[in-house]
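Biologist: I am new to this structure and would like a close look at a single part of it. Please start from one side chain and then work outward.

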Amino acid sequence: MELGRRERKKQQTRQAISDVATGLFLERGFDAVTVAEVARAADVAVQTVFNHFPAKEDLFFDEAGWWRGPARAVRAAPPDADPISVLETQYVQGTRERLAVGHLATWKQFVRTIEASPALLARRRLTAEELERSLTEALDERSPDHLKNRLTAALYAAAQKVLEEKLMAVLPDDASPDELAQAQQELEQAIAEVFAVLRRGLG
């Protein structure tokens, strides 16, 4: 359904604020930038920022797909689909989307910004816990084996961490388009290996 004019305007404003905030955070560090500075740079009121983003951390972690996406993918899959295959496909698609929209080019800077901020590290831990909880719930809707479902969710979260470390290792600083494509190829090879291990381990 096509969005109304007012809703489109709200989404455009939200995206503009997010883009400005991300640029400032990556340039100067999360803790060094205030919400008031983001508002000034985006040419909006401080309250407008908070209307779209309840907390400063929400400005940085604007993309919720990485932690909500797995549960959504499991719920959308056919009843007879293999959950590990569903999660692998969803993960690969997510990395390809990052490459397509240019997020892969700033990935290392994004991770380093998180690692330099206690507030962002704390938020990331919370979202990782929410990922495991929501994925476990989605898996429980498909199968009564809660113990295996909980283990699957925990192992998926661990796999995600391993693959992010792999991407940091293969992605050069200031990577060219060819280097980004090569890093994506190497990451997809690692994804296939990691999910094969998960598939064997979970049987």
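Biologist: With which side chain does the side chain of Ser 117 make a polar contact?

Modeller: This is a predicted model. In it, the side chain of Ser 117 makes a polar contact with that of Asp 31, at 3.1 Å. Leaving aside residues up to four places away in sequence, Ser 117 touches Phe 30 and Asp 31. Asp 31 therefore appears both as a contact and as the polar partner of Ser 117, whose relative accessibility of 1% falls under the 20% limit, so that Ser 117 counts as buried.

As for its setting, Ser 117 sits in the loop that runs between helix H7 (107-115) and helix H8 (118-140). Both of these helices return in the second largest pocket, which holds about 440 Å³ of space. H7, H8 and H9 are the elements that each give two or more residues to the lining of that pocket. H9 supplies the largest share, seven residues. The lining has 17 residues in total, and those nearest the centre of the pocket are Arg 124, Ala 128, Ala 157, Lys 161 and Glu 164. Sorted by class, the lining has eight nonpolar, eight charged and one polar residue.

Helix H9 (146-170) also borders another loop, the one leading to helix H10 (177-202), and Asp 174 lies there. The phi of Asp 174 is near 50°, a positive value in a residue other than glycine. Most residues other than glycine have a negative phi. In contrast to the buried Ser 117, Asp 174 is exposed, because its relative accessible area of 76% is over the 50% limit.

A second aspartate can be described in the same terms. Asp 43 is in the loop between helix H2 (35-42) and helix H3 (46-52). Its phi is near 60°, again positive in a residue other than glycine. Asp 43 has a relative accessible area of 71%, and so it is exposed.

The position of Asp 43 also falls within an annotated span. The unreviewed UniProt entry carries the annotation "DNA-binding region" for residues 34-53. In the model, that span is 75% helix and 0% strand. The C-alpha atoms at the ends of residues 34-53 lie 13 Å apart.

To return to the starting point, Ser 117 is a buried loop residue with a side-chain polar contact to Asp 31.

Technical notes
Residues numbered from 1 in each chain as written. Predicted model: local features only at pLDDT ≥ 70, side-chain atom pairs only at ≥ 80, totals over all residues. Heavy atoms only, no water. UniProt positions renumbered as here; feature names shortened; annotations may be inferred. Helix = DSSP H or I, 4+ residues; strand = E, 2+ residues; numbered from the N terminus. Buried < 20%, exposed > 50% of the residue type's maximum accessible area, 1.4 Å probe, protein only. Polar contact = N/O pair within 3.5 Å; in protein donor to acceptor, adjacent residues only side chain to side chain. Contact = heavy atoms within 4.5 Å. 1 Å grid on protein atoms, 1.4 Å probe; cavity = no way out; pocket = protein on both sides within 12 Å on 5 of 7 lines; lining within 4 Å. Points joined across faces, edges and corners; volume = space filled by probe spheres on them. Nonpolar A, V, L, I, M, F, W, Y, C, P; charged D, E, K, R; others polar.
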